[in-house]
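Open the structure in your viewer and keep the selection tool at hand. The tour goes from a pocket to a helix, and then to the confidence scores.

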Amino acid sequence: MAVEQSIHILRQIRSRYVQAKLWLYMLQAIAVAAVGIAILYRWRFEVPALAFVAISMMVGAVLYFALRWRSVNKTSLQQVARHLNRQYPALEDSTEMLLHEPQNLLQRLQQQKVAGVLQELHPEKEKPYTLRSTASYVALGLALVLTAGILYLPAAPLPGPKQSPEVKITFPDAPAVAADTATTIEQIDITVTPPAYTGKKAYKADNPNLRVEEGQQ
């Protein structure tokens with residue numbers, strides 16, 4: 001019974017360690033993703049380069065946390081036992097014996113002794129591990145300040161793609177069309193040459209309505 005309770009203690013320590021470690025990794029991922037979300041929310045897809053950076057940051061944050069989660073979950077009870085050996089000299093570097101079936105009476109006695117010492121130490125309540133959390137909280141704080149700056153502080157609009165100058169085309173006015181294109185006859189000159197048999201000389205006629213002898217030109 002004492003050995004089973006000791007193994008349960010090791011599992012509790014492992015579970016608390018994994019949760020605490022993943023929490024720090026989550027803070028780091030949130031810090032990066034928050035900046036990416038702010039950029040994408042502020043400029044959306046108006047600037048393709050910024051949109052690409054924002055999406056890359058968010059995807060990278062998710063992948064980073066997924067990889068860290070996979071790595072931390074590989075923490076074994078053997079690793080926890082070795083860590084406790086370093087933290088508590090009273091365990092006599094024998095905590096790993098709790099995870100193996102004893103082969104003889106001496107090992108069984110040592111296993112019982114280690115189980116008793118471990119239960120007296122209560123490492124599951126004292127947090128026998130130390131995590132460096134300052135950097136994660138500082139990164140999150142800076143990311144939140146930067147996110148607020150992106151979302152609320154006024155900023156000059158980013159230049160978009162250059163547009164080609166407008167081409168202005170003008171057409172000359174069409175020549176005015178004459179209102180009246182009818183032909184006007186101002187003067188008529190009519191010369192009449194009588195035939196020789198009349199004995200008359202050539203003369204000019206003033207009126208186009210005239211009667212002449214046959215054969216005149």
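**Stop one: the largest pocket**

In this predicted model, the largest pocket has a volume of about 150 Å³. Which residues line the largest pocket? Select Ile13, Tyr17, Thr75, Gln79, Val80, His83, Arg86 and Tyr129. Two elements each give two or more residues to this lining: helix H1 (2-43) and helix H3 (77-87). The largest share comes from H3, with 4 residues. Now colour the lining by residue type. You get 4 nonpolar, 3 polar and 1 charged.

**Stop two: helix H3**

Stay with H3, the helix that gives the pocket lining its largest share. Select Leu77, Val80, Ala81, Leu84 and Asn85, the buried residues of H3. Turn the view until you look down the axis of H3. The buried residues fall within an arc of 145 degrees, so they line one face of the helix. Val80 is worth a second click: Val80 is buried, and Val80 also lines the largest pocket.

What do the buried residues of H3 pack against? Show H1, helix H4 (105-121) and helix H5 (123-126). The buried residues of H3 pack against these elements.

**Stop three: confidence**

Colour the model by pLDDT. The protein averages 82, and 76% of the residues score at least 70. Which element has the highest mean pLDDT, and which the lowest? Select helix H2 (residues 48-72) for the highest, 94. Then select strand S2 (residues 203-205) for the lowest, 69.

How values were computed
Residues numbered from 1 in each chain as written. Predicted model: local features only at pLDDT ≥ 70, side-chain atom pairs only at ≥ 80, totals over all residues. Heavy atoms only, no water. 1 Å grid on protein atoms, 1.4 Å probe; cavity = no way out; pocket = protein on both sides within 12 Å on 5 of 7 lines; lining within 4 Å. Points joined across faces, edges and corners; volume = space filled by probe spheres on them. Nonpolar A, V, L, I, M, F, W, Y, C, P; charged D, E, K, R; others polar. pLDDT = per-residue confidence, 0-100. Buried < 20%, exposed > 50% of the residue type's maximum accessible area, 1.4 Å probe, protein only. Arc of directions from axis to C-beta. Contact = heavy atoms within 4.5 Å.
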